[in-house]
Amino acid sequence: MKRPSVLFLIILLISACSKAPTAEEQVMEDARAAAQIYYDFLVQGDYWQFLHGRAGTDSLPDGYREQLLTAYKQFMAQQREAHGGIAHADAQRARIDSSLQLVQVFLLLSYADSTQEEIVVPMVEHNGEWKMK
């Protein structure tokens, strides 16, 4: 008799823990995941893909697009000189900012010299995709 009640409690606990995320939680998770992908591109040196993670880059003039790519390369060179480079980025959490109509994603940058820095990346939804603002 005791075994079925324990089984029932286990099933109840599992179903309570596996509830679907709310719409707000899903929005924050989607924005967090997109920021993670974009910063992974940056760390890997794929500056073109990182650039495409920014909102509005499809309408930039070619010259400005090249300037941004150069700036990303220079930034990563500075990080290598100062800290041995960025070892990895970890999108920790996200928060909806309804007044600015964006999601703020908090990323922890871990450097090769074992220092860390938290940055905030504003994300906006554009044509069904999350992009960096």
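This is a short tour of the structure above, one selection at a time.

**Stop 1: the whole chain**

Keep in mind as you look around that this is a predicted model. Colour the protein by secondary structure and you should find four helices and four strands. Read along the sequence, they follow the pattern α-α-α-α-β-β-β-β. Next, colour by accessibility: of the 133 residues, 31% are buried. If you like contact maps, take the contacts with a separation of 6 or more; residues 24 or more positions apart account for 44% of them.

**Stop 2: helix 2**

Select residues 23-44, which form helix 2. This helix has 22 residues, and the distance from its first C-alpha to its last is 32 Å, close to the 32 Å expected at 1.5 Å a residue. Show the side chains of Met28, Ala31, Ala34, Ala35, Gln36, Tyr38, Tyr39 and Leu42, which are buried in this helix. What covers these buried residues? The cover includes helix 3, helix 4, strand 1, strand 2, strand 3 and strand 4.

Now step just past the end of the helix to glycine 45, where phi is positive, about 85°.

**Stop 3: the nonpolar core**

From helix 2 it is natural to move to the core. The largest nonpolar core has 28 residues, and Tyr39, Tyr72, Val105, Leu107 and Met123 are those with the most contacts inside it. At least two residues of this core come from each of helix 2 (23-44), helix 3 (47-51), helix 4 (62-83), strand 1 (86-97), strand 2 (102-111), strand 3 (116-126) and strand 4 (129-132). Which element gives the most? That is helix 2, with seven residues.

Centre the view on leucine 107. Leaving aside neighbours within four places in sequence, leucine 107 is in contact with Ala35 and Tyr39, with the run Ala89, Asp90, Ala91 and Gln92, and with Glu117, Glu118, Ile119 and Val121.

**Stop 4: a buried lysine**

Go to lysine 131, in strand 4. Which side chain of opposite charge is nearest to lysine 131? It is glutamate 129, 4.1 Å away, and the buried lysine 131 has no salt bridge. The cut-off for a salt bridge is 4 Å between a side-chain nitrogen and a carboxyl oxygen, so a pair at 4.1 Å is not counted.

Turn on distance labels and look towards histidine 52: its backbone oxygen lies 2.6 Å from a polar atom of the lysine 131 side chain. To see the surroundings, select what lysine 131 touches, not counting residues up to four places away in sequence: Tyr38, His52, Gly53, Arg54, Ala55, Pro122, Met123, Val124 and His126.

**Stop 5: the salt bridges**

Side chains of opposite charge can pair when their charged atoms come close. How many salt bridges does a search of the whole structure find? It finds three.

- Begin back in helix 2 with glutamate 29 and arginine 32, whose closest N and O atoms are 2.9 Å apart. The two are three residues apart in this helix, so about one helical turn separates them. Glutamate 29 is partly exposed, with a relative accessible area of 35%.
- Move on to arginine 65 and aspartate 62, whose closest N and O atoms are 2.9 Å apart. These two are three residues apart in helix 4, so they too are separated by about one helical turn. Arginine 65 counts as buried at 13% relative accessibility, whereas aspartate 62 counts as exposed at 56%.
- Finish with glutamate 118 and arginine 93, whose closest N and O atoms are 2.9 Å apart. This pair links distant parts of the chain, with glutamate 118 in strand 3 and arginine 93 in strand 1, 25 residues apart. Glutamate 118 is partly exposed at 44% relative accessibility, and arginine 93 is partly exposed at 42%.

**Stop 6: two loop residues with positive phi**

Select serine 114, in the loop between strand 2 and strand 3. Although not a glycine, serine 114 has a positive phi of about 75°. Is serine 114 buried or exposed? At 64% relative accessibility, serine 114 counts as exposed.

The last selection is asparagine 127, in the loop between strand 3 and strand 4. Asparagine 127 is not a glycine, yet its phi is positive, about 55°. With 71% relative accessibility, asparagine 127 counts as exposed.

Methods
Residues numbered from 1 in each chain as written. Predicted model: local features only at pLDDT ≥ 70, side-chain atom pairs only at ≥ 80, totals over all residues. Heavy atoms only, no water. Core = buried A, V, L, I, M, F, W, Y, C linked by side-chain atoms within 4.5 Å. Buried < 20%, exposed > 50% of the residue type's maximum accessible area, 1.4 Å probe, protein only. Contact = heavy atoms within 4.5 Å. Lys, Arg positive; Asp, Glu negative; His and termini not counted. Polar contact = N/O pair within 3.5 Å; in protein donor to acceptor, adjacent residues only side chain to side chain. Expected span 1.5 Å × (residues − 1).
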